[in-house]
Amino acid sequence: MNQVPDDPTVIAVAAGDQERVYHGLGVSPGIAIGVAHRHDAAHVAVPEYRILREKVDSERRRFTEAVTAAQGQIAKLQHKAQDMPASAGEELGYLLEAYQQMLNGSRLVRGVEHRISEDRINAEAAVQREIDQIVQGFAAMDDAYLAARIEDIREVGRRLVRNLTKTPYRPFSMLPKNAVILAEELSPADTALLDPANVAGFATVLGGAASHTAIMARSLGLPAVIGMAGILVGAKAGIPIVLDGAEGKVILNPRPDTLVAYRKRRAEFLRQRRQLQRLRKVPAITLDGAEISLQANIELPVEITSVLTSGATGVGLLRSEFIYMNRDDLPDEDEQYSVFADLVQRLDGHTLTIRTLDAGGEKAIPALRVAEGLNPALGLRAIRLSLKRPEILETQLAAILRAGVHGPVRILLPMVSTVDELLAVRAILDGVVRRLKRRHLPFATPLPPIGTMIEVPGAALAADSLAWHSDFFAIGTNDLTQYTLAIDRADESVAHLYNPLHPAVLRLVQFAAEAALRARIPVSVCGEVAGDPRFTALLLGLGIRDLSMAVASIPVVKRRIRSLDLVAATRRARVIMDQSDSARIGQLLDDFNQDAD
Ligand code: PEP
Ligand code: MG
């Protein structure tokens with residue numbers, strides 16, 4: 001295996017390894033130079049080693065303990081399932097019962113014990129081999145019922161391995177330095193586990209530019225490319241690799257001259273980033289004196305340290321999903337309170353806007369045990385789920401209200417589509433307040449503002465009535481584009497059609513912004529366009545004065561704001577809003593941006 005260590009200059013290209021270039025969609029800029037690491041989510045990498053004859057009994061005991069622990073964990077989940085709404089609870093109950101049976105003296109357990117005794121291998125490897133064999137057998141039987149059970153068997157196997165290794169499942173915990181991850185797909189939960197100290201970047205076969213995985217890559221400052229068909233066929237683990245997140249390119253086994261060129265590009269990219277950092281202390285003000293508020297979107301608590309140093313004036317969107325990811329149970333009120341309170345305190349008087357759980361669609365949260373509907377993007381998700389399972393919302397609201405004692409917070413509701421939902425949330429909030437009083441717990445007074453995400457076309461069209469019941473709006477152009485154009489934001493096969501500059505999307509943004517201005521409530525844009533300087537003049541021209549974006553984007557957007565004239569931008573926005581063709585809109589915007597440069 002080739003070694004690529006901290007210093008990429010020591011990359012050695014093995015003789016006979018040809019340079020190969022792959023093209024995809026660049027979703028997070030930057031250059032990664034490192035070693036390829038293949039990530040296969042279906043297969044947990046486990047250590048395998050031989051054991052001595054005298055260790056067989058203790059290894060079998062270790063396995064029995066892992067089985068007992070798994071039975072206990074599943075029993076807990078069964079208990080929780082009883083509190084769930086009837087149909088979901090029943091379905092989950094059957095599944096968990098099946099897991100219990102698999103752990104109860106079944107072929108799996110007997111097979112693993114046999115392998116430990118006869119093959120004299122460690123328990124983790126025995127589990128993995130036995131699972132692989134059962135899965136192969138099921139797959140060969142060409143039976144739809146058994147095929148559907150394969151993932152369940154793998155799940156039980158993963159649980160046993162986790163218990164044996166006594167670590168929560170951390171798929172990226174053993175990475176070499178400068179690993180460039182190559183995967184069929186990375187979920188937002190996987191991405192949350194990436195440590196930028198080891199990971200240099202990633203490329204996936206599946207995914208869209210506006211997917212949460214792409215958003216998280218930008219937040220973590222990790223170069224990333226998606227839509228890389230064929231990359232897993234060509235790439236062996238451990239080979240040298242270059243990834244260009246701006247151009248959407250991956251180069252396997254780069255030639256020496258290619259490496260030299262990319263090292264130069266990387267140095268230039270880092271130099272420009274350092275230069276932009278110098279803007280952090282200057283105000284975000286247009287040439288004609290309009291001050292714009294730039295806030296941060298954060299996905300993970302670690303980002304909070306960079307919020308204030310980036311020059312952001314607060315957090316316009318905290319995606320609270322991270323608290324629910326990569327775990328079996330749901331976070332309780334105290335845990336959420338301590339996370340939020342810590343973040344509020346670290347913002348030193350700047351506002352923290354906490355969005356309630358936006359689960360569903362591509363942001364699957366297994367701990368919620370929600371059966372995936374026919375169309376997850378349109379199903380029981382976000383605020384709909386929180387209202388269907390009010391205990392989730394009550395827990396979050398109580399935690400947010402308590403955290404509000406330590407500094408200013410705002411509550412933001414995802415995927416609202418009707419006024420009724422806002423009224424229901426306010427009624428639940430009243431109950432939460434009453435209970436906090438009864439518990440003699442301090443909470444924010446006055447109560448934090450409650451804002452509505454405008455990310456469903458129907459909400460944008462009903463913005464006037466929603467504005468009556470909202471203290472602020474945050475326009476989520478990622479979902480607004482997805483739902484207006486009926487294009488799955490995470491699907492690479494339609495990624496070329498995903499276009500926030502479509503006149504229908506822009507009209508909805510304009511409509512919602514104007515409704516907020518009429519109702520005199522603050523309105524921000526917090527979708528990905530807010531962090532792309534290409535769109536800044538247009539958003540300002542549409543009346544937006546508050547943008548929330550990944551921390552890394554704040555300097556470039558600020559530079560754009562400082563170079564533009566708001567009166568001219570407003571005039572250009574008017575011309576753009578008269579167009580019916582996205583290509584023409586793009587051209588008018590690019591011409592305007594170029595003239596200003
Ligand atoms: C959006 O939809 O634009 C948004 C900001 O929310 P998310 O990307 O988390 O769906
Ligand atoms: Mg959204």
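How much area does the protein expose, and what share of it do carbon and sulfur atoms supply? The exposed area is about 26200 Å², and carbon and sulfur atoms supply 53% of it. Keep in mind as you look through the views below that this is a predicted model.

**Figure 1. The whole protein, with its 22 helices and 16 strands.** Let us start with the full picture before moving in. Along the principal axes, the C-alpha atoms fill a box of roughly 80 × 70 × 45 Å. For 597 residues, a compact globule would have a radius of gyration near 25 Å, and the 26 Å of this protein agrees with that. Of the 597 residues, 53% count as buried. Now take the contacts between residues at least 6 apart in sequence: 69% of them join residues at least 24 apart. As for charge, the protein has 69 positive and 72 negative charges, and their mean positions are 4 Å apart.

**Figure 2. The domains of the protein, as given by its domain assignment.** Domain 1 is written in two pieces, 20-40 and 171-276. Domain 2 covers 53-165, and domain 3 covers 279-563. How far apart do the C-alpha centres of domain 2 and domain 3 lie? The answer is 39 Å.

**Figure 3. G201, a buried residue in a strand.** The strand here is β5, made of residues 199-204. G201 has a relative accessible area of 0%, and because buried means under 20%, G201 counts as buried. Which residues does G201 touch, if we leave out those up to four places away in sequence? They are A32, A179, V180, I181, L222 and P223. A516 makes a useful distant landmark: G201 and A516 are 315 residues apart in sequence and 39 Å apart in space, C-alpha to C-alpha.

**Figure 4. G238, in the loop between α8 and β7.** Helix α8 spans 231-234 and strand β7 spans 240-244. Is G238 buried or exposed? At 5% relative accessibility, G238 counts as buried. Try finding I285 as well: 47 residues separate G238 and I285 along the chain, and their C-alpha atoms are 48 Å apart.

**Figure 5. N253 and N326, two residues with a positive phi.** Most residues other than glycine have a negative phi. N253 is not a glycine, yet its phi is positive, about 45°. You can find N253 in the loop between β8 (249-252) and α9. With a relative accessible area of 2%, N253 is buried. N326 is likewise a residue other than glycine, and its phi is near 55°. Look for N326 in the loop between β10 (314-319) and α11 (333-346). At 36% relative accessibility, N326 counts as partly exposed.

**Figure 6. D288 and its contacts from a distant part of the sequence.** D288 sits in the loop between α9 (256-277) and β9 (293-298). Its relative accessibility is 33%, so D288 counts as partly exposed. Setting aside residues up to four places away in sequence, D288 touches L564, D565, L566 and V567. Another residue to look for is S563: D288 and S563 are 275 residues apart along the chain, but their C-alpha atoms are separated by 9.7 Å.

**Figure 7. H350, in the loop between α11 and β11.** Strand β11 spans 351-355. At 30% relative accessibility, H350 counts as partly exposed. Apart from its neighbours within four places in sequence, H350 is in contact with L308, T313, G314 and P408. One of these partners, L308, is 42 residues from H350 along the chain, with 9.0 Å between the C-alpha atoms.

**Figure 8. A cis peptide bond between T445 and P446.** Most peptide bonds are trans. The bond joining T445 and P446 is cis, with omega about -5°. P446 belongs to the loop between α14 (419-438) and β13 (450-454).

**Figure 9. Helix α19, which is mostly covered.** This helix is made of residues 533-541, and 7 of its 9 residues are buried. Which ones are buried? They are F535, T536, A537, L538, L539, L540 and G541. After α19 comes G543, whose phi is positive, near 100°.

How values were computed
Residues numbered from 1 in each chain as written. Chains lettered and ligands numbered in written order. Predicted model: local features only at pLDDT ≥ 70, side-chain atom pairs only at ≥ 80, totals over all residues. Heavy atoms only, no water. Helix = DSSP H or I, 4+ residues; strand = E, 2+ residues; numbered from the N terminus. Rg over C-alpha atoms; globule rule 2.2 N^0.38 Å. Buried < 20%, exposed > 50% of the residue type's maximum accessible area, 1.4 Å probe, protein only. Contact = heavy atoms within 4.5 Å. Areas by Shrake-Rupley, 256 points an atom, 1.4 Å probe, with all protein chains shown as cover. Lys, Arg positive; Asp, Glu negative; His and termini not counted. Charge placed at Lys NZ, Arg CZ, Asp CG, Glu CD. Domains from an automatic or database assignment.
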